[in-house]
Amino acid sequence: MVFSSEAFLFLFLPCFLVGYYLTPKSLKSYTILAGSYAFYAWWRVDFLGLLFLTTVFAFLVGQKIGRYHTVDMKRARIWLWIGVAGCLSVLGVFKYLNFFIDSFAALLGTDADSLGIHWRLILPIGISFYIFQALSYLIDVYRGDARADAKFIDFAAFIALFPQLIAGPILRYKDLEDQFREREHSAEMFADGMARFLVGLAKKVLLADAVAPLADLAFNNSGEVGMALAWAGALAYALQLYFDFSGYSDMAIGLGKMMGFRFLENFRFPYISRSITEFWRRWHISLSNWLRDYLYISLGGNRHGQLRTYGNLMTVMLLGGLWHGANWTFVLWGLWHGGLLAIERATKYDKQSRNYPWSLPLTLLLVLIGWVMFRAETVGIGFEMYAGMLGANGWVGDPALWLSVSRESLVFSGLAIVVCVLEPRIWTYFDRPEGQTSAGAVGSTQVLTQFALSSGVLILGVFTVMKLAEQNFSPFLYFQF
């Protein structure tokens, strides 16, 4: 089940919200857990067992870590390593075993079938996200940043929380443990959440899905695209990925608000960044912070000299690339960004980039180059796209490809660019001070502005649902990660 489906919008969500608000306060975590498990089981019931077993394992190990944390740190550390090894084993087997088998077979000049391996493991959706959340809980308990006295029902509801279960943002129990004990439910917060959800749904349906055909056309014909279509396809994919993923995050944050939760932001206008360092402070913020706090710092961060720092940056981004998928394309994408981060740190460019008028287009170009490999199904396709972008197939390439370009995709690609430019300014109207109502006593101008925005969001939601009814099923891109 996906957020942008009739089954979710008109069946699951209304039924869940009615049940949630009718549930007594002390039992709401049970409703969350039941609803989240039903949401996940809609895809495959059998993998629900893996989610449950992972939850039980992480909870019990966390209890052991908490028990020994103040009396025997050596034992606490042993239990931490047991927990980390167990969680990473689950992720490693289901996400990377196929990749390792295929890579080993390729080294031998054959394939998996020839080695007698005729099966393929199915990747459970959301596994990268809930494993990282379980790991953060174990590490935070060991560090003393999270309490180990959580109720199992609250912890299980946290791991399975359906708004972000499939594609994030990556949550941390230490940020939500107080909210599981006590959180606000109000009409204003619910309305804010609904508006945020509709904005995210519109990003997905009206923008991401509309520009996707242009990106697919270019990458599916990578050996024949001319320079113009190669660049247009790469740009279309950059827009598709942003509006698809940030749209999901908006919907997750909005759903969380409708349930009384406040999730941290996952995107902050990444395409206005003036350096790759800044880009990673704005793109997939929950993953960037996770990699920094639990991997980069654990490797030593910048505390052991410049060469070690550069090596840590490369290692973190390499593993961040692999987290996205078991493919050499993600390895190269991670190394690309790790190398750029190391160069910026070595030259101090990240601290000076705002002084240069060309820093914005340069950053966008470097990000776009990386997205090409990120999108390509194989390394070979990625390099075919790079060749097309450099003019290897001429300016036009295969003329028949241009004839098949959807006019709608071109129009909505232009609209998506406009939205990227205007989004930072538009969003300031939604970021009103905490507790201030839409009709707060700050003047009639703001009241009218908020009324216009609320009306606009409502109209946008109507158009989005109408568009959704006429288009084919389109899963979110990050489901595959």
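**Loops, a charged patch and a buried glycine**

Phe 269 sits in the loop that runs between α10 (227–258) and α11 (276–282). Keep in mind that this is a predicted model. Below is a quick tour of that loop residue, a positive surface patch and a glycine in α2.

**Phe 269**
- The backbone here is a bit unusual to look at: phi of Phe 269 is near 50 degrees, a positive value in a residue other than glycine.
- Phe 269 counts as buried, because its relative accessibility is 13% and the cut-off for buried is under 20%.

**The positive patch**
- On the surface, a patch of positive charge brings together Arg 281, Arg 345, Lys 348 and Lys 351.
- Lys 348 is found in the loop between α14 (328–347) and α15, while Lys 351 belongs to helix α15 itself (residues 349–352).
- Lys 348 isn't a glycine, yet it has a positive phi of about 60 degrees.
- How exposed are the two lysines? Lys 348 is partly exposed, with a relative accessible area of 46%, and Lys 351 counts as exposed at 69% relative accessibility.

**Gly 35**
- Look for Gly 35 in helix α2, which covers residues 28–41.
- With 10% relative accessibility, Gly 35 counts as buried.
- Leaving aside residues up to four places away in sequence, Gly 35 touches Phe 12 and Phe 16.
- Gly 35 and Asp 250 are 215 residues apart in sequence, and their C-alpha atoms are 20 Å apart in space.

Note on methods. Residues numbered from 1 in each chain as written. Predicted model: local features only at pLDDT ≥ 70, side-chain atom pairs only at ≥ 80, totals over all residues. Heavy atoms only, no water. Patch = residues over 30% accessible without salt bridge, like charges linked within 9 Å, V, L, I, M, F, W, Y side chains within 5 Å. Areas by Shrake-Rupley, 256 points an atom, 1.4 Å probe, with all protein chains shown as cover. Salt bridge = Lys/Arg side-chain N within 4 Å of Asp/Glu carboxyl O. Lys, Arg positive; Asp, Glu negative; His and termini not counted. Charge placed at Lys NZ, Arg CZ, Asp CG, Glu CD. Helix = DSSP H or I, 4+ residues; strand = E, 2+ residues; numbered from the N terminus. Buried < 20%, exposed > 50% of the residue type's maximum accessible area, 1.4 Å probe, protein only. Contact = heavy atoms within 4.5 Å.
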